[in-house]
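Me: I have a model open and some labels to check. Let me ask how each one is earned.

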Amino acid sequence: NKQQNDLKILTGLSLLEQKKDTKNINDHELKIFSQFGEDGIIDFLVKKINLQAKTFIEFGVEDYEESNTKFLLEAKNWKGLVFDSSHKFIDIIKKKDFYWRNNLIAVKAFITAENIDNLIKKNFLHEEVGLMSIDIDGNDYWVWKAIETCKPAIVIIEYNARFGYKKSVSIPYKKDFDRIAEHHSSIYFGASLMALYKLGKEKGYSLVGTNTNGNNSFFIRDDFLKKNENLKTYTPEQCFHINSFNELRDKNGNILDRNSTKEQEILNNLPLEKI
């Protein structure tokens with residue numbers, strides 16, 4: 001309810017003020033509305049680069065109750081655009097108090113490399129994108145690669161830690177990729193951290209870390225880094241975190257016990273594209 005929501009915001013703001021100013025983004029992790037500690041990392045990066053464009057785009061938000069940009073929207077008065085492929089989730093978002101209270105646009109769309117630029121051009125009504133969060137459990141690498149219409153200051157993109165930090169790979173592009181339909185295990189999706197690191201370099205970004213739960217990587221546009229020498233950059237080996245969570249499923253959709261050997265056996269028999 002609204003009281004609980006407001007209490008989370010006030011508590012989050014108070015805890016963020018107590019964080020010490022260190023160079024390591026993991027020292028700033030704090031979960032408010034994000035899945036793990038992304039809220040704290042985002043707050044740290046926004047302050048560190050003195051980001052003025054208080055705007056965001058986020059893909060794959062479901063009902064937006066657990067997302068990387070909701071705290072920016074509600075506590076910091078940012079403006080934004082969110083996408084999800086489900087009519088159900090978009091309808092839920094539009095019925096929430098935060099939707100009419102804030103400058104938010106929610107669009108039902110299945111994101112592909114072919115449509116992402118047009119979707120942004122059509123629905124994003126602001127001049128600059130301050131932050132972009134990409135988490136679509138599949139073609140994440142290919143979608144970021146396809147985006148040419150904007151260059152956000154901060155990019156957060158999911159990586160699949162099961163590929164390790166040395167391999168530079170992604171799932172092959174498939175326009176209608178569905179994580180569960182492709183393989184029941186649910187672990188076959190996305191790209192390795194090294195592949196995203198290389199793509200970031202091509203697009204003018206540097207890797208500034210990953211969250212300790214091992215699923216999100218954080219990139220800063222290089223021109224912002226030149227203005228702030230106190231923000232550390234990393235190679236994948238230097239900041240890689242293995243996933244702390246278990247998603248391995250059997251053919252009936254039941255969660256199995258954690259088994260990294262079984263996961264590698266599955267992934268070794270599925271196609272990957274070298275980057």
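**Labels and their grounds**

Reply: Start with Ser-14, which sits in helix H1, residues 2–17. Keep in mind that this is a predicted model.

Me: What makes Ser-14 count as partly exposed?

Reply: Its relative accessibility is 37%. Buried means under 20%, and exposed means over 50%. The value of 37% falls in between, so Ser-14 is partly exposed.

Me: What makes the link between the side chains of Ser-14 and Gln-18 a polar contact?

Reply: The distance is 3.4 Å. The cut-off for a pair of N or O atoms is within 3.5 Å. The Ser-14 and Gln-18 side chains therefore qualify.

Me: How far is Ser-14 from Phe-89 in sequence and in space?

Reply: They are 75 residues apart in sequence. From C-alpha to C-alpha, the separation in space is 30 Å.

Me: Why is Asn-139 called buried?

Reply: Asn-139 has 4% relative accessibility. Buried means under 20%, so Asn-139 gets the label. Its place is the loop between strand E4 (131–134) and helix H7 (140–146).

Me: Which residues is Asn-139 in contact with, leaving aside neighbours within four places in sequence?

Reply: Ile-171, Pro-172, Tyr-173, Lys-174, Lys-175 and Phe-177. With Lys-174 there is a specific atom pair: a polar atom of the Asn-139 side chain lies 2.8 Å from the backbone oxygen of Lys-174.

Me: Why is helix H9 described as largely enclosed by the rest of the structure?

Reply: Count its residues. H9 spans residues 193–203, and eight of the eleven are buried, so the description follows. The buried ones are Leu-193, Met-194, Ala-195, Leu-196, Tyr-197, Leu-199, Gly-200 and Lys-203.

Me: What do the buried residues of H9 pack against?

Reply: Helices H7 and H11 (236–239), plus strands E5 (154–158), E6 (169–170), E7 (205–210) and E8 (216–221). Just after H9, Gly-204 takes a positive phi of about 90°.

Me: How many helices and strands does the protein chain have?

Reply: Twelve helices and nine strands.

Me: How do you know that the chain is as compact as a globular protein of that length?

Reply: Compare two values. The radius of gyration is 18 Å, and the globule rule gives 19 Å for 275 residues. The two are close, so the chain is as compact as a globular protein of that length. Of those 275 residues, 54% count as buried.

Me: Where do the charges lie on balance?

Reply: There are 40 positive and 40 negative side chains. The centres of the two sets lie 2 Å apart.

Definitions and conventions:
Residues are numbered from 1 along each chain as its sequence is written. This is a predicted model: local features need pLDDT of at least 70, side-chain atom pairs count only at pLDDT 80 or more; totals for chains, interfaces and linings use all residues. Side-chain values use heavy atoms; hydrogens and water are left out. Helices (H or I, at least four residues) and strands (E, at least two) are DSSP runs, numbered from the N terminus. The radius of gyration is taken over C-alpha atoms; the globule rule is 2.2 Å times the number of residues to the power 0.38. Buried means under 20% relative accessible area, exposed over 50%, partly exposed in between (1.4 Å probe, protein chains only). Lys and Arg count as positive and Asp and Glu as negative; His and the chain ends are not counted. The place of a charge is taken as NZ of Lys, CZ of Arg, CG of Asp or CD of Glu. A polar contact is a pair of N or O atoms within 3.5 Å; within protein, one must be able to donate a hydrogen and the other to accept it, and residues adjacent in sequence count only if both atoms are side-chain atoms. Contact means heavy atoms within 4.5 Å.
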